[in-house]
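Here is a briefing on one protein chain. It goes topic by topic, from single residues to the core.

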Amino acid sequence: MDILIIQKEAFEEMAAKFSRFTERVDELLAKQGGKSLNGWMDNQEVCRQLNISPRTLQTLRDNGTLAYSQINHKMFYKPEDVMRIIKPVERKRADRAV
C-alpha cells in the first residue's frame, strides 16, 4: 500500500472541485426531470426479482444479457432492462427442469 501526503491547501482545493462537480451533476439531473439512482436496482434486488443467485447475475452481466452501470464497485440496473430478461431467464430455468 502506498501512502501519499499532500498539502492541506491541495486537499482543500480538491475537495472544493469535488463539491462543484457534485453540484453540477445535481443541476444536470434536475434538467433531466429529476432523474436519480432511486429508480435503479442493485444486485440484491435483481437477484430477488429474477430468483437467481449472484453468480448467475454475474454471468448475465458477463455475456451481455443484462446491461448495468458500475459506480464505486457497485452494480446498478435499470428496472426496464431487468423486466426485459425475465422471460428468457424463466425459459432457461424451465429448459433445465425438463
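**Briefing**

D42 sits in strand β1. The model is predicted. The points below cover D42 and its partners, the other salt bridges, a buried arginine, helix α2, the nonpolar core and two loop residues.

**D42 and its link to K74**

- At 19% relative accessibility, D42 is buried, because the cut-off for buried is under 20%.
- The side chain of D42 forms a salt bridge with that of K74, at 3.8 Å from N to O.
- This pair joins distant parts of the chain: D42 belongs to strand β1 (residues 41-42) and K74 to strand β3, 32 residues apart.
- K74 is partly exposed, with a relative accessibility of 39%.
- Leaving out residues up to four places away in sequence, D42 touches K74, M75 and Y77.

**Salt bridges in helix α1**

- The whole structure holds four salt bridges. Among them is the D42 and K74 pair.
- Another joins K17 to E13, with the closest N and O atoms 3.4 Å apart.
- K17 and E13 lie about one helical turn from each other, because they are four residues apart in helix α1 (residues 8-31).
- K17 is partly exposed at 46% relative accessibility. E13 is partly exposed too, with a relative accessible area of 46%.
- E27 and R24 also meet through their side chains in a salt bridge, at 3.4 Å from N to O.
- These two are three residues apart in helix α1, so about one helical turn separates E27 and R24.
- An α-helix has 3.6 residues a turn, so residues three or four places apart point the same way.
- E27 is partly exposed, with a relative accessible area of 43%. R24 is partly exposed as well, at 40%.

**R61, a buried arginine**

- R61 is located in helix α3.
- What is the nearest side chain of opposite charge to R61, and how far away is it? It is D62, at 5.2 Å.
- R61 is buried and has no salt bridge. The cut-off for a salt bridge is 4 Å, so the 5.2 Å to D62 does not qualify.
- R61 does have a polar partner: its side chain makes a polar contact with the side chain of Y77, at 2.8 Å.
- Apart from neighbours within four places in sequence, R61 contacts N43, L66, Y68, M75 and Y77.
- Y77 and M75 also appear among the residues that D42 touches.

**Helix α2: one side in, one side out**

- V46, C47 and L50 are the buried residues of α2.
- They lie on the same side of α2, because they cover an arc of only 100 degrees around the axis.
- Q44 and R48 are exposed on the other side of α2.
- The elements covering the buried residues of α2 include β1, α3, β3, α4 (79-84) and α5.

**The nonpolar core**

- In soluble globular proteins, nonpolar side chains tend to be buried together.
- The largest nonpolar core here has 14 residues. V46, L50 and L66 have the most contacts inside this core.
- At least two core residues come from each of α2 (43-50), α3 (54-62), β3 (74-77) and α5 (86-97).
- Helix α2 gives the most to this core, with three residues.
- L50 touches L60, V82, I85, I86, V89 and R93, not counting residues up to four places away in sequence.

**Two loop residues with positive phi**

- Most residues other than glycine have a negative phi. Two exceptions follow, N51 and N72.
- N51 comes after α2 and has a positive phi, near 55 degrees.
- N51 lies in the loop between α2 and α3. N51 is exposed, with a relative accessible area of 58%.
- N72 has a positive phi near 50 degrees.
- N72 lies in the loop between β2 (69-71) and β3. N72 is exposed, with a relative accessible area of 73%.

Note on methods
Residues numbered from 1 in each chain as written. Predicted model: local features only at pLDDT ≥ 70, side-chain atom pairs only at ≥ 80, totals over all residues. Heavy atoms only, no water. Core = buried A, V, L, I, M, F, W, Y, C linked by side-chain atoms within 4.5 Å. Buried < 20%, exposed > 50% of the residue type's maximum accessible area, 1.4 Å probe, protein only. Contact = heavy atoms within 4.5 Å. Lys, Arg positive; Asp, Glu negative; His and termini not counted. Polar contact = N/O pair within 3.5 Å; in protein donor to acceptor, adjacent residues only side chain to side chain. Arc of directions from axis to C-beta.
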